[in-house]
Amino acid sequence: MAADVVLLAGATGLIGGLALPQLLQRAAREDWQIVAPVRRALGLKHPRLRCVVGDPGTADGLAAIESALSGQGARVTSFACGLGSTLRAAGSQAAFAAVDRDLVLALAGIARRRGARQAIVVSSVGAAAGSSNFYLRVKGEMEAGIEALGFECVDFLQPGL
């Protein structure tokens with residue numbers, strides 16, 4: 001029987017990098033695994049960690065994630081997401097929205113189609129789809145999209161400055 005899986009997006013970032021060791025400690029005691037889509041190898045080996053190396057922001061990258069989950073016969077139980085950028089790092093509003101809204105929703109959709117009932121997603125204090133502030137509007141649109149996917153339990157972590 002295949003192990004349950006947590007799909008962890010953003011494992012190389014600040015929040016994901018802090019969450020991953022904690023998840024690995026817990027996974028070692030229980031019968032589940034962590035699948036982490038990453039753009040570059042983590043340099044971390046663990047029997048309960050499966051990194052899918054590639055650009056998850058592309059159709060090929062998303063297909064590789066789907067394939068990795070299908071190949072293991074995995075049942076995704078949870079989606080955890082610490083993905084996020086800044087307008088400065090992204091370089092444009094379109095590039096920012098592509099990561100902070102579109103990629104998050106694409107990965108959440110994969111997790112939900114694979115059976116995930118829970119989503120834990122880092123957003124932002126003040127996130128609102130109707131906001132006049134671009135950053136907060138994108139975060140709010142992402143939250144609304146996650147809610148529309150039909151997870152049984154959704155937790156938005158909304159840190160502020």
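**Note on the strand and helix arrangement**

1. L49 is buried, with a relative accessible area of 13%, a value that falls under the 20% limit used for calling a residue buried. The model is a predicted one, and in it L49 lies in strand β3. Leaving aside residues up to four places away in sequence, L49 touches L20, L24, I34, A36, L42 and L44. The C-alpha atoms of L49 and V5 are separated by 9.7 Å, although these two residues are 44 residues apart along the chain.

2. Helix α1, which spans residues 14-29, has G16, L20, L24 and A27 as its buried residues. These buried residues pack against β1, β2 and β3, the last of these strands covering residues 49-53. The helix as a whole lies across β1, β2, β3 and β5, and runs at about 155° to β2.

3. Strand β1 covers residues 4-9, and because five of its six residues are buried, this strand is largely enclosed by the rest of the structure. With strand β2 (residues 32-38), β1 pairs in the parallel sense over four bridges, and V5 stands opposite Q33 in β2. With strand β4 (residues 75-81), β1 again pairs in the parallel sense, here over six bridges, and the bridge partner of V6 in β4 is S78.

4. The connection between two of these strands also deserves a remark, since β1, helix α1 and β2 together make a right-handed β-α-β unit.

5. Taken as a whole, the sheet is open and is formed by six strands in the order β3-β2-β1-β4-β5-β6, with parallel pairing. Its edge strands are β3 and β6 (153-157), each of which pairs on one side only. Neighbouring strands of this sheet are turned against each other by 20° on average, when direction is ignored.

6. Towards the β6 edge of the sheet, strand β5 (residues 118-122) and β6 pair in the parallel sense over five bridges, and the bridge partner of A119 in β6 is V154.

7. A further helix to consider is α4 (residues 93-113), which lies across β1, β2, β4 and β5 and runs at about 160° to β4. Among the strands that α4 lies across are β1 and β2, and α1 likewise lies across β1 and β2.

Note on methods:
Residues are numbered from 1 along each chain as its sequence is written. This is a predicted model: local features need pLDDT of at least 70, side-chain atom pairs count only at pLDDT 80 or more; totals for chains, interfaces and linings use all residues. Side-chain values use heavy atoms; hydrogens and water are left out. Buried means under 20% relative accessible area, exposed over 50%, partly exposed in between (1.4 Å probe, protein chains only). Helices (H or I, at least four residues) and strands (E, at least two) are DSSP runs, numbered from the N terminus. Two strands pair if DSSP finds at least two bridges between them. A crossover is right-handed if, with the strands pointing away from the viewer, the path from the first strand over the helix to the second runs clockwise. Contact means heavy atoms within 4.5 Å. Axes are lines fitted to C-alpha atoms, for helices over the stretch in contact, and angles run from 0 to 180 degrees between N-to-C directions.
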